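Have the sequence and the 3D view open side by side. This short report walks through the fold, its core, its empty spaces and a handful of residues worth a look.

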Amino acid sequence: MKIPALHISVQKNRKIDIRKLICINLVLIAFFDSYPVYSTIVPVRVFVYGLKFLNLYACLALLIKNNYKNYILAALILPVWWAYYNEDSILISIQLLYSGILPLLTFTLLRDEERFKVAQWYIKFFIFLLIVGLPIYFLINLVDIPPLFSIQRGEAGKGRVYDNYFFFYWTRLGVKNRFSSVFDEPGVVGTIVPIIMFYYRRMLSRFEFWILTIAGILSLSLFFLIVFLPVIYFSNTRLLKAKQLAFRLAFSVVFICISYVSFVLAARSTKDDPVLSLKIYNRFEWQNGWIVGIVNNRDTAIRGFESLYQGFLSESNTDLLTGKGKDYMLKVYGGSTLSYRVFVLERGILILFYLIFLFAYLHPWRKYFIFSCISMLILMLVFFQRPMLYSLNYFLIVYVGLELFEMQARFNSKKLDSKNEDSTHYSISR
């Protein structure tokens, strides 16, 4: 069988690097899969489907000749198709395979250095959007500037309306106080930022680090505010010696206990405030005046969902294993939301356990056990509110973040000097 060439001659002594184009295409797909507001505009959707059509060729070309490790990783990714599979339509299922799974497969079939480039370019572009968006955010909050135009996503009268400012910043109508960049929710910024910080802290310049920090804080994302300090504190765990790690863990236990008591007292004080009670007090589960859990305000706002979900968990039939079916929420409630409980209701617990196995498999447990435990905990928190870790944008950041450290270690990178484990700041843009 003749293997298709991955370089095309254009002129004498000049070639187009097809593999580089594949990487660039994956970066664009990952960005549009990150829920930018304009991803639902018809011309943009057509453009994205065109990118994924090109990716189809890339996936087939890379499948023909590759190494066995990449084939194993691709085989592990394929069952994730169940997260997209639509029982009512094989055509929709194939379309979702083409749209959601094949870009992931293409990514897994790249070389290590190419996967790093995809993650590097994605993060660089993400930070660029934050750099441009932050001045616009401050400007529209200080001065009443009209948007260039507005669009509505969803049904007329029910969907959300978004205002566009200078094409680099979007904000939901009436929600200008939370930073969201070009994404449909501030929570996208508040989720992606700490993931980048945790896995790539040493690859960030000081400027990039502070841009991410400011953007995360201004997103007012509860997820970001909860994990920010742990992310910063434990991001360099792989560099610590046993004694340093033991001290850091002991200090963390004491710090967490003091912080928990302090936070409970502060949260209690918001109970009777008409505004803060919704933003703070009611975001937690309480028992005898103590916080015992976090309320997922995405699905609790849906009337009748709690009883439906609890009834589903008590079932002993195959629905519990394989779920009620994709878009079950649309059939019952006429709408849906991002929540791990919705994911479990529609797809079942088998795929949930498989995703835990898949991401656990990627972690270096033998060499960095504590780091792997913390990493898995952070990923579970991400999945709690945004059960999309299997989408390309999240997967590439996590996968490369886990592999990057070992890649640098193999080449004796100066970035890994254990004497300066808290010195970050080697620009991701280099």
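## A start at V27

Is V27 buried or exposed? V27 counts as buried because its relative accessibility is 10%, and the cut-off for buried is under 20%. Please keep in mind that this model is predicted.

V27 lies in helix α1, which covers residues 18-32. Leaving aside residues up to four places away in sequence, V27 touches V118, W121 and Y122. With V118 the pairing spans 91 residues along the chain, yet the two C-alpha atoms are separated by 5.8 Å.

## The chain as a whole

The chain has 430 residues, and 50% of them count as buried. In terms of secondary structure, there are 17 helices and seven strands. The chain exposes about 21900 Å², and carbon and sulfur atoms supply 65% of that area.

Long-range contacts are well represented here. Taking the contacts with a separation of 6 or more, 67% are between residues 24 or more positions apart.

## Two nonpolar cores

How many residues does the largest nonpolar core have? The count is 121 residues, and F107 and Y200 are those with the most contacts inside this core. Helix α5, residues 112-142, gives the largest share of the core, with 13 residues.

Another core lies apart from this one. This other core has five residues, among them V264, A267, F284 and I291.

## The second largest pocket

Now for a space you may want to display as a surface. The second largest pocket has a volume of about 480 Å³. Its lining is made of 21 residues, and the closest to the pocket centre are K69, R115, Y361, Y399 and E403.

Which elements give two or more residues to this lining? They are α3 (68-77), α5, α15 (349-362) and α17 (392-410). Helix α17 supplies the largest share, six residues. Sorted by class, the lining of this pocket has ten nonpolar, three polar and eight charged residues.

## N70 and L358, in two of the pocket helices

Helix α3, one of the elements in the pocket lining, holds N70. This asparagine is buried, with a relative accessible area of 6%. Not counting residues up to four places away in sequence, N70 touches T108, L109, L110 and R115. Of these partners, R115 is also one of the residues closest to the centre of the second largest pocket.

L358 is found in helix α15, and it too is buried, with a relative accessible area of 1%. Beyond residues up to four places away in sequence, L358 touches L76, I77 and V80. L358 and V80 are 278 residues apart along the chain, while their C-alpha atoms are separated by 9.4 Å.

## Cavities

How many cavities of 30 Å³ or more are there? The count comes to three. The second largest cavity has a volume of about 40 Å³.

Its lining consists of Y162, T171, R172, V175, S180, F183, D184, E185 and P186. By class, four of these residues are nonpolar, two are polar and three are charged.

## Two positive phi angles

If you check backbone torsions, two residues deserve a visit. S181 is not a glycine, but its phi is positive, near 55°. S181 is found in the loop between β5 (169-172) and α6 (186-200). Its relative accessibility is 0%, so S181 counts as buried.

L220 also has a positive phi without being a glycine, at about 55°. This leucine sits in the loop between α7 (206-218) and α8 (222-234). Is L220 buried or partly exposed? With a relative accessible area of 43%, L220 is partly exposed, because that class lies between the cut-offs of 20% for buried and 50% for exposed.

Methods:
Residues are numbered from 1 along each chain as its sequence is written. This is a predicted model: local features need pLDDT of at least 70, side-chain atom pairs count only at pLDDT 80 or more; totals for chains, interfaces and linings use all residues. Side-chain values use heavy atoms; hydrogens and water are left out. A nonpolar core is a set of buried Ala, Val, Leu, Ile, Met, Phe, Trp, Tyr and Cys residues joined through side-chain atoms within 4.5 Å. Buried means under 20% relative accessible area, exposed over 50%, partly exposed in between (1.4 Å probe, protein chains only). Helices (H or I, at least four residues) and strands (E, at least two) are DSSP runs, numbered from the N terminus. On a 1 Å grid over the protein atoms alone, a cavity is a set of points where a 1.4 Å probe fits but cannot get out, and a pocket is an open set with protein on both sides within 12 Å along at least five of seven lines; lining residues have an atom within 4 Å of a point. Grid points are joined across faces, edges and corners, and a volume is the space filled by probe spheres set on the points. Ala, Val, Leu, Ile, Met, Phe, Trp, Tyr, Cys and Pro count as nonpolar, Asp, Glu, Lys and Arg as charged, and the others, Gly among them, as polar. Contact means heavy atoms within 4.5 Å. Accessible areas come from the Shrake-Rupley method with a 1.4 Å probe; for residues, only the protein chains shown count as cover.
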